[in-house]
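Trainee: I should like to learn how to read the features of a structural model. May we take them one at a time?

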Amino acid sequence: MFPSLRRIPRPEAAAALLSLLVGITLLIIKFIAYFLTGSAAIFSDALESIVNVLASSVALYALIVAHSPADTDHPYGHGKIEFLSAHFEGGMIVLAAIAIAIKAIDMLLVPPPPIAQLGLGIILIAVAMLINGGVGLFLIRTGRRQQSITLEADGHHLLSDAITSATALGALALVKVFHWPLADPIAALFIAAYIGWMGTSLLRRSSAGLMDRQDADDERLLRQILDSHIGAKGKAPQICSYHKLRHRHSGRYHWVDFHIMLPPKLNLEQGHAIASAIEYEIEQALKEGNATAHIEPCLEVPCSLQGGVQDEVEIT
């Protein structure tokens, strides 16, 4: 394995390399099928495979950079490159959809010659569909387990490629059984619409990450943790309240900051211990993240914790 790949956890590196190798193999298979048949639907499928190979290459590079340690120029790490990778992939998918639609419309206006060697074309595309579907599901599971939007996006792309292969197979079957050649460009238009929708969805999701849009699941988790420490009935360490909760992603890495209100009688060491304990709890819950708590004196009169808080806070 290349030295730079050692930065990536083994499951992610294996998944990214598998995606790239499979993409190159299926690209060759699909273009062979297209040159044998001249099918617009198979051309659509083959064109998307070019996007697969480009996207897999960028995804592998993005994973290498994302796992690079923080430095003076990038104190928050390099995780956001995963959103850039997903954004690039979404843009490439949309461009492929436009190219497919143009090809299909041209074939509708100018009837193409009869599709040749249908049987062999069907076999090649069926093989590609099964491989893409299996690898796509594997990448999605690995991406979710490793919290990698790059692998998850690549997996969804391969899974959608399997769906486009299935559509191409359906078109070839209609041409073969009913001798209806227009089924081929019509199927290509459906493929263009589908992958165009998929690419647009991926662009929206990656843009949300780049713009630091608040994650609803993270919001619920963080408030659940902080709410559990509020008041005399809250679990240790107790706080009076909290506010200014903010959080964002840098790829898979989470950054959280918030303000906690504590009884004014506490000294600096006690306040710091409480803040550190809650920070640690949040970081453990997020798995990969950094939490920062700002301490403020409670302004309630009387303070909800005027009876006192724990004298000692154990930090594990």
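Mentor: We may; please keep in mind that this model is predicted. Let us begin with Ser85, which lies in helix α3, residues 81-109.

Trainee: Is Ser85 buried or exposed, and why?

Mentor: Buried means under 20% relative accessible area. Ser85 has a relative accessibility of 4%, and therefore counts as buried.

Trainee: With which residues is Ser85 in contact, leaving aside its neighbours within four places in sequence?

Mentor: Those residues are Val58, Ala59, Ala62 and Thr150. As for Tyr61, it is 24 residues from Ser85 in sequence, while the C-alpha atoms of the two are 8.8 Å apart in space.

Trainee: Let us turn to the strands. Why is strand β2 described as largely enclosed by the rest of the structure?

Mentor: In general, side chains in a regular strand alternate between the two faces of the sheet. Strand β2 spans residues 253-262, and nine of its 10 residues are buried, so the rest of the structure largely encloses it.

Trainee: In which sense do β2 and β3 pair?

Mentor: The sense is parallel, over nine bridges, with β3 covering residues 289-297. Phe258 stands opposite Ala293 in β3. Together with helix α8, residues 268-286, the strands β2 and β3 form a right-handed β-α-β unit.

Trainee: How is empty space to be read?

Mentor: Rolling a probe the size of a water molecule over the atoms reveals where empty space remains. Here the largest pocket holds about 910 Å³. Its lining comprises 34 residues, of which Phe83, Ile149, Glu152, Arg205 and Asp215 are the closest to its centre.

Trainee: Which element gives the most to that lining?

Mentor: Helix α6 does, with nine residues. By class, the lining has 11 nonpolar, 12 polar and 11 charged residues.

Note on methods
Residues are numbered from 1 along each chain as its sequence is written. This is a predicted model: local features need pLDDT of at least 70, side-chain atom pairs count only at pLDDT 80 or more; totals for chains, interfaces and linings use all residues. Side-chain values use heavy atoms; hydrogens and water are left out. Helices (H or I, at least four residues) and strands (E, at least two) are DSSP runs, numbered from the N terminus. Buried means under 20% relative accessible area, exposed over 50%, partly exposed in between (1.4 Å probe, protein chains only). Contact means heavy atoms within 4.5 Å. Two strands pair if DSSP finds at least two bridges between them. A crossover is right-handed if, with the strands pointing away from the viewer, the path from the first strand over the helix to the second runs clockwise. On a 1 Å grid over the protein atoms alone, a cavity is a set of points where a 1.4 Å probe fits but cannot get out, and a pocket is an open set with protein on both sides within 12 Å along at least five of seven lines; lining residues have an atom within 4 Å of a point. Grid points are joined across faces, edges and corners, and a volume is the space filled by probe spheres set on the points. Ala, Val, Leu, Ile, Met, Phe, Trp, Tyr, Cys and Pro count as nonpolar, Asp, Glu, Lys and Arg as charged, and the others, Gly among them, as polar.
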